[in-house]
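Subject: Structure handover, with notes on the aromatic rings

Dear colleague,

I am passing on the structure below for your own work. My notes on its aromatic side chains follow it.

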Amino acid sequence: MSKRPTFSQTLYGAAYYHEYHPIQRLDADFQDMADAKLTVLRVGESVWSTWEPADGVFNLDWLEPILDKASSRGIAIIIGTPTYAMPNWLRLKHPDIVADRKTGFPIPYGHRQNMDYSNPNFLTYADRIIEKIVTRYKDHPAVIGWQVDNEPGVELLHNPSVFEGFKRELKEKFGSVQQLNKTWGLVYWSHSINNWDELWVPDGNTNNGYDHEWRTYQARITERFISWQAEKLRSLIPENQFITTCIALGRPAQDIHTVAADLDITAVNVYYATQDGLLHPQFRVPSENEIPAPFWISATGPNNVFHQADLAYSVKQDNFLVTETNASFTAHVNTAGIFPPYPGQLRQVVLGLISRGANMVEYWHWHTLHYGAETYWGGILGHNYQKARTYQSFKEIAGLLAQQRDLFQDLKPVAPVALLFSAESKWGLEFQPALRRSINGLNHGDPNSYERFFGAFYNMFFDSGLGVNIIGANQLTDVNDFVLAHPVLCIPGYYIADDKVLEFARMYAEKGGHLVLGPRTGYATTNGTVRTSVAPGVLREGAGAYYDEFTNLSKPAKVVGAIGSGIEGTSFGWADLLISEGADVVATYDDPFLSTYAAVTSNVYGAGRISMIGTAPNQELGKTIGEWIAQGLEFEHPAKSNSEAVTISSAYSKSKKKLNFIFNWSWDSAEVKVKNDSLDIETQQKVAENSVVQLDSWGAKVLLEE
C-alpha cells in the first residue's frame, strides 16, 4: 500500500557521489554542504560494481560514513537501488541479460541501462543486491526514502523472451489470430497469419495496430519492473520511509501516467536550455541552431521548465520531487552543451518548480566529475572544488527556502485549464507522424509530432497567463466536478482516442465547460487504426464543424481572427480543413487555398461550448488564441507588466493563501502592477493594491496575497 510522504520544509540538495572523487573530500564536502544549508542528498544508485564487485562478494560498508556525516548535519538521505547500471561480471556470466536494441543485436557494453529488466536471471541478481543494501541501511536515521532504479524505460527491448511475452499477451487480449487479423487489418499486403508463431518480429513492422500494441506492451514491462522493486522495498523498509523513482519524462518505453502507480510519490528529472534559452518570449532566440543546450534538449523558454513541472504534477495529480536538474552546464559524451546559467536563472527555475508543486529540488550533482561520460556535466562545485558562482547561488536559494520553511510545501498550482496528455497518441504519431522535419535537406515524418502539437497548445496557455493542469487520459474524474475545477479542457493531438474519453469531453462541454479541440484529436481508435466516422466523430454535432481533409503546411500560414477576437499570428506544420455547419468562424487563413476553410471555430453546446483549432499555433497566434479563450472565464491576472518577458505562476498554500510567483525572463528590468494587497515574502515589505514593483534582470519575486 503506497503512502504519501510529508516534509517539514522544501528539500534542497543534490546527488552526491563521494566514491567518484579522485581525492579524499568527505569532511570538506559536508562542511561546504552545511555552510550552504543543503538539506537532502541522493546516493548509491549508480555503482552496483561498488556494492558487489564480484558475484556474491558484497561491499556494503562504504556508504556508512557518508550517512553518518549526513545524520550529524541534519541532512536527509535518499538511497537509490543500483539496478540501472549493471556490472560487467554480470554481463559476462549471463549474456542473455543484455538488452537487444534490435532483434539479434545486443547493446554493446560501455554505457548504462543496457539490460533486459524482464529477464528472470537479471531479476534474481537485482533482488539479491536490493535486499542486501536495504537490509543494511533501512534503519539508518538519515534515510528518509528510496529511489528504485533510475530513469526507467530508455530502451525498447527486442530480446527473444520479450517477443514471446508479447505474443502471449496478444493471445490473451485478442483470443484468436482471426480476431487479430481483423482488428489490425492484416489482410493488407498479405500480412494475415494462420497461427501465433507466424507473427513477425517488430523490427520491420509497418502495421499501425501492431506498433500500438508493441509500444503499450513495452510500457507495461517498465511499469512491472518498477512495481516489482517497489513491492520488494515495501516489504523491507520502515513505514516512515517513502519509495519513488526518478522519471525522465521523454523515455520511449514508459507511460508517465502508469509507471509510478505503485510508488509513494513522483520524482522527475527536469533539464532545460539555460542562458538565452530562458528568454521569453521564445522568438528572441534567433534560431534552432542557437539553442544554448545539447541536442537532446530541443525546446527553449521558461515554458519548457513549467511544462515539465506540470507533467510531473500530473503523474499522480499531486506534489512531486525533482531528483535532477541543471546545476550548471549539461554536456554528455559526444555532445556540446557548455552553457552555465546566467546570474539569477537558478533561483528563477527553483521558484518556478516550487510554484507548480515541487516539494524538493535536487541538482545533478554536488561536484563535477573528473572522468567518464559526464565529465562536462557541471555540478554545484566545479572541477577545482572552489565555492564559486554556482555554489553561491545555491547558498542564496537555500537561505530563502530555510527562511520560508513550510510555506512552499504542498503548494497547489492555480490551473483553470486542463490539458489532456496521451502517451498512446505520442506513440501513434511517432509511428505515423503528422508533422515533417528536414534531415540533410530531405523531408521526413517527425517522430516528435505529438510533442510539437502538445507543446504548442501548452505554450498557448502559458503565454496567455493561464495555468495548466496536465491530465492523463486515465485520470478523468466526475464530469461535474471537473467542470468546476477546470473551466477549460483542451485536447490537442489526441490521435489514439478512447471512446470513453471522447464521450467525457462531450459531456464536459454539455455541462458548462469550454472544450478546445486541437489537430488530429479523435482520428484513430485505441487499436491504432483510423475511424470511419467524419471527424471529429462523436464531437461533431457539439462542435458544429467537421473536416474531410487535412494538409501539411510547407510554410507558415497567416491566421486572421474575426473582428473583436484579437486573434492573429501564424500557424505551422498542419491544418485540419475545418468546415462550419453552424459554428462561429472565429479565425480564417490569409492564404489562396486555405482561406476556404476555418482555422478556429466555436459553437455553443448545452451549457458550454466546443471550439476547434485546426492548426498548430506559433507563439504569437497561440498567445492571442489563449487570450480569446480567457475572455470567457471568470479569471483575473494577479498582476500586469509593461514587459512581455514577465510571467506569473500562482499557487495556494496549505493554509489556502495565494502566492504569486512573478518572473522576469530577460536582461531588461521590468515593472509589474500588482492587483491586490500583498506581502513580499523575502523582504517582508507590504505591496499595496495597484502599486508597481520593480523586477531586475532575471529576477523573481514571490508575493503573498493579503
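How many aromatic pairs does the structure hold? The model is a predicted one, and it holds 46 aromatic pairs. I describe two of them in detail here, and then turn to a cluster and to a charge placed over rings.

In the pair of W214 and Y217, the ring centres are 6.2 Å apart and the planes stand at 35°, so the pair counts as tilted, since that class covers angles from 30 to 60 degrees. W214 and Y217 are three residues apart in helix α8, which spans residues 208-234, and are therefore separated by about one helical turn. Both residues, W214 and Y217, are buried.

The rings of Y342 and W667 have their centres 4.8 Å apart and their planes at 50°, so this pair is tilted as well. Y342 lies in the loop between β10 (320-325) and α10 (345-355), while W667 lies in the loop between β30 (658-664) and β31 (670-674), so the pair ties together parts that are 325 residues apart in sequence. Y342 is buried, with a relative accessible area of 18%, whereas W667 is partly exposed, its relative accessible area being 47%.

W214 and Y217 also belong to one aromatic cluster, which they form together with F163, F166, F174, W184, W200 and Y210.

Finally, R520 lies over the face of Y523, at 4.2 Å from the ring centre, and R520 also lies over the face of F550, there at 4.4 Å from the ring centre.

With kind regards

Definitions and conventions: Residues numbered from 1 in each chain as written. Predicted model: local features only at pLDDT ≥ 70, side-chain atom pairs only at ≥ 80, totals over all residues. Heavy atoms only, no water. Phe/Tyr/Trp six-rings, centres within 6.5 Å; stacked < 30°, edge-to-face > 60°. Helix = DSSP H or I, 4+ residues; strand = E, 2+ residues; numbered from the N terminus. Buried < 20%, exposed > 50% of the residue type's maximum accessible area, 1.4 Å probe, protein only. Lys NZ or Arg CZ within 6 Å of the ring centre and 35° of its normal.
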